Amino acid sequence: MQLLRAFLLRMITTAITLIGVAVIVFVVIRVVPGNPIAMMLPPGATEADIARLTARYGLDASIPAQFLIWCQGVMQGDFGASITSNQPVLRLVLGRLPATLELSVMALVIAVIIGGIMALTGTRHRGTKLEAALDVGNGMALSVPDFLWGLVLILVFGVVWPVFHISGRVTPSLDLPFTTNFYLFESVLRLRFDLWADIVSHMFMPALALAIPLAAIIGQLLKQSLKETMHLDYVTLARTKGYGENHVITREALPNAILPTLTLVGVQFTFLIGGTVIIERLFSYEGLGNMAIDAVINRDLPLIQGIVILFAVIFTGVNLIVDLSYALLNPRLRHG
Amino acid sequence: MAEKARVDGRSHIRRRAGPRLWLSAGWLGVLLLAAVLAPWIAPQDPLAQDLFLGRLPPIWVQGAEPGFYLGTDSLGRDVLSRILYGARLALIVALVAGFVTCVIGAAFGLLAGFLRGWVDVVISRAIDIWMAFPPVLFSILLIAVMGPGLMSIIIAIVVIDWTRFARVVRAEATAQGAMDYVASAQVAGRGRLSTMVTEILPNVLPTIIVLLTLEMGIAVIVEAILSFVNLSISTDDPTWGGMIAEGRTSIHQAWWVLIFPLITLFLTVLSFSQLGEGLKDRFDPVLR
């Protein structure tokens with residue numbers, strides 16, 4: 001009962017957040033100088049042409065009226081049409097979403113693997129020079145944001161030792177048999193491992209750039225929890241039973257130390273998704289973020305609106321899932 | 001034995017905090033000096049173009065010209081001079097945007113954490129809404145609205161990042177507000193706002209200073225990102241982000257156009273962050 005009430009309250013605050021985001025974006029982009037309609041028309045268009053097109057995109061109404069019209073459309077799944085390409089915003093945005101999702105999830109997986117290995121190695125060799133060295137690396141990784149790691153990776157693996165692609169999502173000359181935009185996923189389903197390798201080789205650099213700061217956070221927190229757990233009685237008991245250090249760390253300490261890290265990963269994952277905007281730009285990766293920057297530069301109001309709202313939905317959605325799974329995983333909260 | 005390991009671990013951190021703090025402060029000091037003295041120490045005019053001197057390599061590589069120590073970009077502009085002048089913009093943004101964000105964010109955090117009630121509800125809800133925006137996209141959007149320029153960059157950073165301060169300060173102020181000394185101050189007849197400023201603020205000040213240092217590093221990065229997507233200030237003026245954007249496109253022909261501004265930016269961001277972490281260790285009573 002209490003859980004249900006908490007859940008309902010949470011849904012209401014989430015709804016308020018999303019409405020707040022919608023209102024702010026709506027107002028902010030409508031004070032943009034530079035008339036998008038004037039940019040669409042060829043030079044020499046008459047005043048009447050401009051007025052007709054302005055009316056067609058609903059830009060002649062007052063801002064509150066425009067907002068109401070827009071909300072009505074959204075309720076029916078209509079986010080308006082992009083001004084630059086004249087296609088429905090929803091279709092454009094959903095077309096790019098898979099690319100960004102695949103990149104984010106790949107980055108998350110890389111971060112968990114690297115962070116996990118760092119934490120386990122650091123715990124295994126605690127108190128040694130190796131741990132100190134790992135800590136220094138961790139500190140660096142944590143201090144420098146994804147944008148700069150992306151540039152470093154471009155220099156190292158794009159120029160000095162060119163082993164990965166540093167631009168695009170897939171080699172353009174390849175013939176793609178895909179019916180969805182989940183290229184990475186679908187290439188596996190279709191057993192086209194040649195395409196899969198090409199896609200991974202394109203995605204690995206931007207994904208790694210996004211992953212490095214998160215890996216450092218995971219490495220730091222997980223190691224801290226592990227080291228605390230290593231002092232507990234049941235771990236000592238496992239040791240006296242004669243289990244080796246590796247077994248004690250991975251089988252006994254890890255399951256009990258992992259919960260705080262899981263919560264943190266969920267929250268940090270939203271920051272990672274936010275980071276895709278500039279990373280996609282840096283690596284010319286055709287995802288949502290890259291499209292968003294183009295939309296801002298082209299003053300494509302409906303498209304900007306749609307993308308920002310979608311990001312907000314993803315952020316709040318991830319946070320909601322994290323909170324719910326935390327409540328389900330943590331027995332103290334469940335019965336509290 | 002376990003206890004000993006922990007004590008060792010701590011003294012280890014303490015020993016390293018020293019050089020880390022000094023190295024970071026040292027680099028930032030050098031940078032500040034370079035920014036102030038740029039007109040006198042820059043070997044070339046940072047805006048001077050000369051197509052005959054385009055893409056000259058650094059001085060130690062064959063084919064270099066004397067006087068262009070770190071080479072030139074595709075328009076023949078001196079990379080070193082542009083980095084020195086770029087430091088001016090980077091540091092102005094770091095200091096001004098950092099301080100203004102800090103004052104506004106900390107004020108909101110203090111009010112929410114100490115006054116509680118509806119003030120807290122409104123500010124917390126606003127923070128939630130802000131956290132649902134992708135920050136980079138939000139900053140690009142704001143610059144597009146306000147038009148490029150130094151003032152726009154600073155406003156964009158303040159508008160987006162005040163929540164970083166507000167969230168943390170709010171939590172700390174809430175914790176401090178529940179403590180006995182605050183109650184005694186109130187019993188002694190102090191007003192609410194006076195208690196907030198004289199009792200709570202000094203106790204959250206160390207946290208605010210650490211956040212401020214970190215925020216300065218973030219401001220430098222935001223400026224670089226905005227000039228990277230060509231939305232910072234006018235395209236002629238030297239900015240690290242603008243140089244990096246140019247270097248990214250000519251990376252296979254002239255690596256030095258990317259690498260030197262990148263190293264400068266990297267060290268600067270790292271220094272602000274390490275300075276903040278170092279100060280955190282100094283201030284944190286648990287570590288002392």
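Here is a short walk through chain B, its contact with chain A, and two loop residues.

Before you click, note that this is a predicted model, where local features need pLDDT of at least 70, side-chain atom pairs count only at pLDDT 80 or more, and totals for chains, interfaces and linings use all residues. Residues are numbered from 1 along each chain as its sequence is written, with chains lettered from A and ligands numbered from 1 in the order in which they are written.

Start by selecting chain B. You'll see 9 helices and 0 strands (DSSP runs numbered from the N terminus: H or I of at least four residues for helices, E of at least two for strands). Its C-alpha atoms fill a box of roughly 75 × 55 × 35 Å along the principal axes. Of its 288 residues, 48% are buried (20 or more other C-beta atoms within 10 Å of a residue's own, with 12 or fewer being exposed, partly exposed in between, and C-beta atoms placed from the backbone).

Next, bring up chain A and look at where the two chains touch. The contact takes 39 residues from chain A and 35 from chain B (contact means C-beta atoms, placed from the backbone, within 7 Å). On the chain A side, α1(A) gives the most, with 8 residues.

Now zoom to A:Leu191, in the loop between α8 (183-189) and α9 (193-229) of chain A. Its phi is near 55°, positive in a residue other than glycine. A:Leu191 counts as exposed because it has 9 C-beta neighbours inside 10 Å.

Finish at B:Arg116, in the loop between α2 (79-115) and α3 (117-131) of chain B. B:Arg116 also isn't a glycine, yet has a positive phi of about 55°. With 13 other C-beta atoms within 10 Å, B:Arg116 is partly exposed.
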